[in-house]
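I opened the notebook to go through this structure feature by feature. I wanted to see the interior before turning to the ligand and the backbone.

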Amino acid sequence: PVLIFATHNPHKLQEVQSLLPASIRLLSLQDVGYKQAIPEPYDSLEENSRIKAITIYEALQHDCFAEDSGLEVEALNGAPGARSSRFAGEHATDAENITLLLSRMEGTSRRKARFRTVITLIWKGKLHQVAGTCEGTIVTTPRGKNGFGYDPVFIPEGSQKTFAEMSLEEKNQYSHRAKAIRAFCDLVHQLAAE
Ligand code: ITT
Ligand code: NA
């Protein structure tokens, strides 16, 4: 199958690309010349993931998928969640988002958090969703240079390193996105065999 991946985030594209078998071919929005921003107006990952996929399907009439992901911090009642990329403002940088997160969590010993990814696939006009979760903790001081977003402050359960201290291959052993993509590949193969 050939699928358009409805994302403008080059890090996501790279992570997803690294996990797909040769049997699933990806076209990026850049490949198909789609430059417009994709609105994500909702407060849930499920709804934003869905609307992103629908937006691209309606524009391009081609099988496609989108993912919405976010960091849910226990001590902040699940924030920033679906607002993760714009936590510190509409065009906030990763560094600004991290600074705000750490300041909101200052002085608390409750450090539990989880990343979640929700993927929506539109296959022959029908919608399908799969998800992936990664439990972990938020450190008090950022560490590492790899990855993107909140990677420097998140340690997945079972590791001592932040995601930003890991290679892409290591991050794939733990990450929410890798889990969601594995479920996604199973789903695509199953649909392709029908
Ligand atoms: P698209 O909507 O174009 O796909 P985006 O970056 O806007 O790209 P989201 O709306 O899904 O993506 O926002 C996800 C945000 O959550 C992202 O900008 C990061 O701040 C954070 N995030 C998601 N996955 C992450 C990961 O693996 N590591 C670190 N931060 C992550
Ligand atoms: Na987005």
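The entries below cover the cores, one helix, the ligand shell and some backbone angles.

**Entry: interior.** I kept in mind throughout that this is a predicted model. I looked up the largest nonpolar core, which has 23 residues, and noted that Ala6, Ala53, Ile56, Cys64, Phe65, Ile119 and Phe184 touch the most other members. At least two residues of this core come from each of strand E1 (2-5), helix H2 (45-60), strand E3 (64-73), strand E5 (112-123) and helix H5 (176-193), and H5 gives the most, with five residues. I then followed Phe184, and, with neighbours within four places in sequence left aside, I found Phe184 in contact with Ile119, Leu121 and Val130. Another core, of 18 residues, lies apart from the largest one, and I listed Phe87, Tyr150, Phe163 and Met166 among its members.

**Entry: helix H3.** Which residues of H3 (residues 94-104) are buried? I found Asn97, Ile98 and Leu101 to be buried, and because these residues cover an arc of only 100° around the axis, they sit on the same side of H3. On the face turned away from that buried side, I noted the exposed residues Ala95 and Ser103.

**Entry: ligand 1.** I counted the surroundings of ligand 1 as 21 residues, the closest being Thr7, Asn9, Ser84, Ser85 and Gly149. Sorted by class, this shell has five nonpolar, eleven polar and five charged residues, and its largest share, four residues, comes from E3, the strand that also supplies at least two residues of the largest core.

**Entry: backbone.** I recalled that most residues other than glycine have a negative phi, and that most peptide bonds are trans. With that in mind I looked for departures, and I found that the peptide bond from Ala79 to Pro80 is cis, with omega near -5°; Pro80 itself has its place in strand E4 (residues 80-81).

Where does Gln61 lie? I placed Gln61 in the loop between H2 and E3, and I noted that its phi is near 50°, a positive value in a residue other than glycine. Gln61 counts as exposed because it has 9 C-beta neighbours inside 10 Å, and the cut-off for exposed is 12 or fewer.

Is Lys124 buried or exposed? I found 7 other C-beta atoms within 10 Å of Lys124, so this residue is exposed. Lys124 lies in the loop between E5 and strand E6 (126-138), and it has a positive phi of about 50° although it is not a glycine.

Definitions and conventions: Residues numbered from 1 in each chain as written. Chains lettered and ligands numbered in written order. Predicted model: local features only at pLDDT ≥ 70, side-chain atom pairs only at ≥ 80, totals over all residues. Core = buried A, V, L, I, M, F, W, Y, C linked by C-beta atoms within 7 Å. Buried ≥ 20, exposed ≤ 12 C-beta atoms within 10 Å, placed from the backbone. Contact = placed C-beta atoms within 7 Å. Arc of directions from axis to C-beta. Near = placed C-beta within 6 Å. Nonpolar A, V, L, I, M, F, W, Y, C, P; charged D, E, K, R; others polar.
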